[in-house]
Structures are given as C-alpha cells and as structure tokens.
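Reader: I'm new to this one. Could you walk me through it with a few questions and answers?

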Amino acid sequence: MIANIVRPGNYTYGVLKYLFEQGRSNEHTDQHIVASWDDFIPDPGPSNSPGHKQRLGQLTQALDLRVEQAGDKAPEGHVWHCSIRAAPHDRILTDAEWATIARRVLHATRIAPDGDPDGCRWVAVRHAEDHIHIVATKVRGDLRPPRNWNDYHRAMNELTAVEEDFGLTRVARGPEAAAGTSAVKRSTRAEEEKAKRLGHDKTAREQLRHTVRTALSHAKDLDEFFNLLADAGLQVETRTLPSGDLGGYKVALPDNSKPVWFSGSSLATDLSLPQIRQRLAATEAQPTPASSAHQHRPNPWHVATAAAERIPHHLAHADDGAVQAHLTVFGEVLYALPAHAPAGLRAELHRAAVAFEHAAHTRARADHQHARALRGALKAMRYQPADHAGLAMLLDAAILVVLAVQRRSALHHHDRQVATARQTLTHLQAAYDLIAPASLDALAERYPPDNTVHRYARALHEVLPRHVEQILTENAWPALTASLAAAEAAGHNPVAILQQAAQHRPLDDAKSASEVLVWRIQRLGMRQAPSPSARAAQASSPHSHSAAQPAIGIPTASVPSPSRTGRPR
C-alpha cells in the first residue's frame with residue numbers, strides 16, 4: 001500500500017467536489033463514504049444522484065465547523081488530504097476493511113487518535129476498487145491544530161503493519177524502497193488519457209522506451225544506435241555541446257502534427273546518454289565473420305547461454321554493482337530475442353522483456369564491466385542466426401535466471417519485483433514450450449542403440465542418483481541419449497560430460513531435469529574434445545570403469561528405450 005499526502009489546502013468544498021465527481025475520464029464510480037468521525041453525517045453519493053449538491057454542502061459545513069470557530073487561530077492550509085492505494089495484485093478490499101485502514105492511519109498520524117473526542121473531523125471516500133481518499137480539517141475540538149508532524153512517515157509505517165495484518169503485498173519503503181524502485185519512468189495521467197483517446201494500448205512514452213531498449217540491445221556503438229532508432233521510424237534529435245561532444249538525445253513518435261519529444265532519461269534512468277555510453281563500452285569483442293573466416297569462431301548463442309547460466313551464481317555471491325550489471329545485460333538479451341525468434345514466439349518474448357524491466361532494477365550503480373561477455377555475445381548474435389535448438393537452449397537458461405531473480409527479490413521483500421519476475425517467467429515458459437518440443441523430437445530421431453542407452457543410464461545413476469528415476473521417465477530422455485551419443489562420437493567421455501552438466505546447472509528448479517541436461521550437453525559437446533592422452537587418462541580413471549559396470553538399482557529391463565516419437569516406449 002502507498003500513502004500520498006498532498007500539499008495542504010484551504011478549500012474543503014473543492015476537494016470533496018472532486019472526490020464525488022465522475023473524474024476527468026469517468027474513472028470515479030460508486031462514490032461513497034466508507035467511514036467518518038460521525039456515522040450520521042450526510043453521504044453526498046455520486047454527483048448525478050438526487051440531492052447531491054445539498055448533501056455535499058452540508059458535509060462541507062460539518063467538516064469546516066471548527067475551522068470557522070477557530071477563526072484567525074485556524075492553521076494556514078487547514079485541509080489534510082491523504083490517498084491510500086493498494087498494490088495492483090492485491091485483492092479487492094471491502095468497505096469495512098478500508099474503514100479500518102483509514103482509522104489506523106488517522107490514529108498513527110495523530111490527526112484523529114483513537115479514543116480522543118477532540119480529534120479532527122474527517123471522512124474517508126471511496127470512488128474506485130483499489131484506493132480511498134481521507135479528507136480532514138486540521139482543527140481539533142479544543143480549537144488547536146493537531147500534532148501531525150512527520151505524518152507521511154507515520155502513515156507509511158502503519159501501512160507496513162496493515163499489509164502484514166491484511167495479507168497484502170508488502171511494498172518496499174525507506175532504503176529498501178530505493179532498492180526496489182524501477183528505472184522506468186511512469187507515464188503521466190495526461191499521456192494515459194491521450195493514448196486511450198487514440199485507441200492505443202501503450203502511451204507514447206512506453207512505445208518509445210520499448211523501441212529504444214530494442215535498438216540498444218542490437219547496437220554495437222552510438223552511431224548504429226541512432227541509425228536503428230531512425231530505421232524503427234522514430235524522430236531523433238541529438239544535442240551537441242560547445243566542445244563539439246554529444247551531450248544528449250531525444251526521440252518522438254512519427255507524427256504529422258507537433259511531435260512530443262522525450263529525452264532518454266525521461267523514458268528510464270538507465271537510458272540516458274551517459275548510461276548508454278557505459279553499456280556500449282562494456283562489450284567484449286567477438287570475432288566477426290570477416291575476421292574469423294579462417295579460424296574457429298565460437299557460437300555466440302552458446303557463449304550467451306554459458307554467460308546466462310552463471311548469472312544465478314553472481315546474484316547470490318557478487319557485489320551489488322556486479323549484480324545490477326548482470327541484470328541490465330540480461331534485460332538487453334530479452335529485448336533482442338524477438339528479432340531472432342520465429343514469428344509465433346515474438347509476442348511472448350516481447351512481453352517477457354517488458355515485464356522484466358520492473359524486476360531488474362536495484363539502487364546500486366551498475367559496474368557494466370562485469371557483464372562484458374554476455375553483452376559481447378549478444379552483439380555477435382546478429383551474425384549467426386539461431387536455429388530452434390540454440391534459441392530453446394538460451395530460453396532454458398533464461399528461465400533459470402529469472403527464477404534466481406525472483407528468489408533474490410523475495411529475500412529482500414521486494415514484492416513488486418517478485419510479481420514482475422513471475423510474469424516474466426510465464427511469458428518465457430510459454431515461448432519455450434512453443435519451440436522446445438520440435439527441437440527435442442529432432443534430437444530424439446538420432447537415438448543410439450539400446451545397449452548404448454543402457455550404458456548412459458548407468459552413467460546417469462552414477463552422476464545423478466537423486467534424479468535418475470525422474471530423468472528416465474521424462475519425455476526428453478530420448479533426446480538426452482542422442483546428445484550423449486553425439487558428444488561421445490566427438491571424443492567426450494559420457495560420465496565426464498554428465499558431471500560437467502550437473503555441476504554447472506542446478507536441477508532442483510528445473511521443470512524437466514532431462515531437458516536441462518540436453519541443452520547443457522549439446523553446448524559442451526561442441527567444445528574441443530580431450531586429446532588422445534587425456535582420453536586415455538579418462539579411460540583408466542575410476543569413473544570410466546564404474547560406468548562400464550552394471551549400476552545397482554537400475555536393472556537393464558527398467559531402462560526405457562527411445563522411440564521415434566521422442567517419448568519412452
């Protein structure tokens with residue numbers, strides 16, 4: 001819950017008139033009083049109800065009675081106006097619950113303490129499902145002003161207790177609030193009303209922010225960044241300092257009339273020109289097709305997946321500047337993915353990127369040098385389009401990253417970030433579910449002979465005894481056997497590569513442990529295989545011998561053989 005105490009005024013009737021009217025866009029509905037200092041005061045009701053003006057005048061006179069009695073002793077700005085809004089994901093509260101919350105806030109702020117007959121006169125008005133307004137006149141029964149110093153902080157502290165007592169979303173406050181504040185600049189009410197009039201589902205500010213983020217995710221330098229903005233149809237203007245250096249930029253939607261300009265920092269704090277410069281400079285150089293025509297060039301999708309897989313560890317162990325750097329570049333990856341994905345996935349991936357904006361910001365200043373590897377791989381993706389398997393592999397890693405972000409936010413009680421991380425997961429999982437099955441089925445077509453499958457099952461039991469029963473019955477087990485066979489054909493030891501896969505990726509959070517292993521082994525298997533001497537050492541190691549022996553607890557008959565449908569027979 002959030003309280004907003006507006007600047008004190010002197011026009012009680014004007015404030016009440018606004019609360020009981022329909023609002024600028026008819027957003028006020030079912031206007032009524034939920035609580036007051038006197039249960040018998042007249043309720044004006046909606047502005048179009050019979051007798052409304054008369055009752056509104058009577059209510060104003062009752063609230064202002066002590067102000068009139070105090071005369072010159074009444075405080076300047078005698079109208080105290082506080083709105084209290086529930087979080088977007090909270091349940092709809094009843095009138096009785098809002099009444100209780102209003103009284104608790106009035107008591108905490110000392111406007112109307114419980115049991116004090118001389119407390120200020122007040123009303124709590126509800127004209128929407130998610131918030132109320134409290135209006136009080138700051139003259140007590142003894143004609144003195146209330147001692148409501150520091151009322152905002154007292155109100156917010158009380159709302160923390162209210163959230164706990166009512167089971168509502170806990171909103172970060174104080175230093176915690178700074179950590180949970182999004183870098184995104186919210187649209188104004190006027191912008192929202194204009195978008196609604198034009199029939200747009202996004203405001204101009206939101207459209208511009210998403211376009212700028214997408215351009216930044218693909219650009220390798222500032223010149224290309226501005227070119228991509230222009231290619232997307234935006235109007236772009238830059239500001240040059242007297243020294244000749246670039247000082248800033250602003251963008252506007254294409255408009256035949258007068259354009260409405262937004263600077264980068266007015267879209268989001270991390271989209272200012274200095275911030276963009278820092279991010280573009282923190283990019284690890286990647287070989288381009290021209291520079292690597294005669295040498296092995298690492299697959300940027302595999303490099304990006306490997307870097308993403310390390311992010312959960314960084315979130316748990318790195319300093320705040322490094323954490324913010326990794327969250328920032330991961331957000332860039334999400335904004336870039338729709339351009340690389342099949343048409344059927346683009347909408348879900350874009351929704352994931354937009355949702356993650358609000359989950360990815362902390363108060364720490366990002367040290368972008370910590371995220372050079374992932375950003376470098378991201379820029380190199382444009383030179384090597386992903387196949388379905390490469391995209392599914394990266395999405396699988398991305399899901400694990402967002403789960404780690406959700407856990408970290410929950411530990412810090414950043415409920416809004418937890419909710420937006422959950423939204424991101426929903427969209428990423430939907431995209432993954434659309435693309436992964438075909439890739440897994442294609443892998444399963446290359447299943448190895450049954451005796452090889454049994455040998456892989458024994459290796460799996462040795463490396464992952466806790467997960468072996470689950471993996472052997474999962475739909476991706478045939479694809480896993482095919483991945484192991486391909487890695488072994490390239491010179492890798494199946495036990496060793498399973499151990500590597502298990503060490504680099506936790507399986508407890510995975511929806512399918514076998515799918516996690518498939519993508520990891522696919523990537524590891526494409527690395528250079530061990531040399532003959534290294535393979536000889538592996539063959540003589542205890543692990544190699546144990547893999548060749550029957551494993552306890554896995555009878556040969558119990559190992560499912562793959563079928564051409566990609567599912568256990």
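Reader: How much of the accessible surface of the protein belongs to carbon and sulfur atoms?
Author: Keep in mind that this is a predicted model. The accessible surface comes to about 27100 Å². The share of that surface belonging to carbon and sulfur atoms is 52%.

Reader: And what percentage of the residues count as buried?
Author: Here a residue is buried if its relative accessible area is under 20%. The protein has 569 residues. Of these, the part that counts as buried is 50%.

Reader: Is Cys82 buried or exposed?
Author: The cut-off for buried is under 20% relative accessible area. Cys82 has 0%, so this cysteine falls below that cut-off. Cys120, at 2%, also counts as buried. For Cys82, then, the word is buried.

Reader: How many disulfides does a search of the whole structure find?
Author: A disulfide is a covalent bond between the sulfur atoms of two cysteines. To count here, a pair of cysteine sulfur atoms has to lie within 2.5 Å. Searching the whole structure gives a count of 0.

Reader: Which helix gives the largest share of the largest nonpolar core?
Author: That core has 80 residues, and Leu395 and Leu517 have the most contacts inside it. Leaving aside neighbours within four places in sequence, Leu517 touches residues including Leu460, Ile471 and Leu507. The largest share of the core, 12 residues, comes from residues 388-411, which are helix 16.

Reader: How many helices and strands are there in the protein?
Author: Helix 16 is one of the helices. Taken over the protein, the secondary structure comes to 24 helices and 8 strands.

Technical notes:
Residues are numbered from 1 along each chain as its sequence is written. This is a predicted model: local features need pLDDT of at least 70, side-chain atom pairs count only at pLDDT 80 or more; totals for chains, interfaces and linings use all residues. Side-chain values use heavy atoms; hydrogens and water are left out. Helices (H or I, at least four residues) and strands (E, at least two) are DSSP runs, numbered from the N terminus. Buried means under 20% relative accessible area, exposed over 50%, partly exposed in between (1.4 Å probe, protein chains only). Accessible areas come from the Shrake-Rupley method with a 1.4 Å probe; for residues, only the protein chains shown count as cover. A nonpolar core is a set of buried Ala, Val, Leu, Ile, Met, Phe, Trp, Tyr and Cys residues joined through side-chain atoms within 4.5 Å. Contact means heavy atoms within 4.5 Å.
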